[in-house]
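Trainee: Could we go through this one together? I'd like to see how each label gets justified.

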Amino acid sequence: MGLPPLVEPAAELSVDEIRRYSRHLIIPDVGMDGQKRLKNAKVLAVGAGGLGSPALLYLAAAGVGTLGIIDFDTVDESNLQRQVIHGVSDVGTPKAESAARSIAEINPLVNVVIHNTALDRDNVKEIFSQYDLIVDGTDNFATRYMVNDAAVLLGKPYVWGSIYRFDGQASVFWEEHGPCYRCLYPEPPPPGMVPSCAEGGVLGVLCASIGSIQVNEAIKLITGIGEPLVGRLMVYDALEMEYRKIKVRKDPDCALCGDNPTVTDLLEDYEDFCGAVSEEAQEAITGSTITARELKDWQDSGKDIFLADVREPAEWEINRIPGAVLIPKGEILSGAALAQFPQDKQIVLHCKSGVRSAEALAALKAAGFKDAVHVQGGIVSWVSTVDPSLPSY
């Protein structure tokens, strides 16, 4: 289903712009009219990370007149494997500012608006209202639901993308013409079920594959050409090199855009809605949490402890805490590894950041290991407070 162009065309293109965009102008479906619409468009990229990097570069190259960038994070060395808008010299600087510099190198004709802040319920509507289209490159469920809800409440279309390891997804959500994100995913997954890219990893080039699909959809929406992914979910398997499309219908029972919506404004707390950890894990870690520094003190004092690393084998190969034993979380939750835990030692669990070890701790306590504890902040905290010589990831 084709849709009308999202924005009106600009009055004219300069001679410089005609030279720059000539390969667009000779495409009949784009032409002068389409390029003028791109010039007049205001697009906001939520995130300047894995998906935001290729999206921003190609939106700028395509001639989108105003590009907004919202990101509060700074460039880290581990970002450079996939976040191609940043370079070595940008490490430690705000991502939004680094991205703006790269955009200026590609296309100085683009007006870049930097939002060097965290997106939250207090600013999301005000920021979104300044743009015609949102390109969502977020990597957590709380922000995804907030982006969706704000876009629906403001009547804004947005292009969504998601990546994990070798798998990617993309779609266009526009309540006026089709389903919203909540129609596809009415509820967030249970806490801990879907690892983040920081925990599970992502193939760097997958970002380019999905990010370029997002830009393709943005261009189609702005210019009114082709058939956008409204009501369709594009699923990409990089290992099998397979694309497939799944129809997504508007849900009449959707809490936000259905016939009788129950969500009529932004939620008070999206983190609480999505849940960082389960209620069982939250209860388990209460009074049973130690710091990385306390773990080191226990080790130095000779305390009889059994330290279990609940990460995956690939993470274990990157770094490890001395004295730890690798017992992946899944083996604890299934019960297969319970026999490995001694009854006569202080059991300490750790993961990368503390989320998985909290879930594993709940399972251990349910199995009778009432005195077990976990390390707040996991091995990330160990590297930053105890042994900075270890590599981080």
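**Labels and their reasons**

Mentor: Sure, and keep in mind that this is a predicted model. Start with residues 301–391: their end C-alpha atoms are 26 Å apart, and the span is 32% helix and 16% strand. An unreviewed UniProt entry lists that stretch as "domain: Rhodanese".

Trainee: What makes β3 and β8 stand at the edges of the sheet?

Mentor: Look at the order, β3-β2-β1-β4-β5-β6-β7-β8, an open sheet with mixed pairing. β3 (111–115) and β8 (242–247) each have a single partner strand, so one side of each lacks a neighbour in the sheet. From one strand to the next, the twist averages 15°.

Trainee: How do you know that β7 and β8 pair?

Mentor: Pairing needs at least two bridges, and β7 (residues 232–237) and β8 have six, in the antiparallel sense. One of the partnerships joins Asp237 to Glu242 in β8.

Trainee: Why is the span of α10 said to agree with what a helix should give?

Mentor: At 1.5 Å a residue, its 20 residues should span 28 Å, and the end C-alpha atoms are 30 Å apart, so the two agree.

Trainee: And what makes α10 "mostly covered"?

Mentor: Buried means under 20% relative accessible area, and 16 of the 20 residues in α10 are buried. The helix (residues 204–223) lies across β1, β4, β5, β6, β7 and β8, at about 170° to β5. Right after α10 comes Gly224, with a positive phi near 75°.

Note on methods: Residues numbered from 1 in each chain as written. Predicted model: local features only at pLDDT ≥ 70, side-chain atom pairs only at ≥ 80, totals over all residues. Heavy atoms only, no water. Helix = DSSP H or I, 4+ residues; strand = E, 2+ residues; numbered from the N terminus. Axes fitted to C-alpha atoms, helices over the stretch in contact; angles between N-to-C directions. Contact = heavy atoms within 4.5 Å. UniProt positions renumbered as here; feature names shortened; annotations may be inferred. Expected span 1.5 Å × (residues − 1). Buried < 20%, exposed > 50% of the residue type's maximum accessible area, 1.4 Å probe, protein only.
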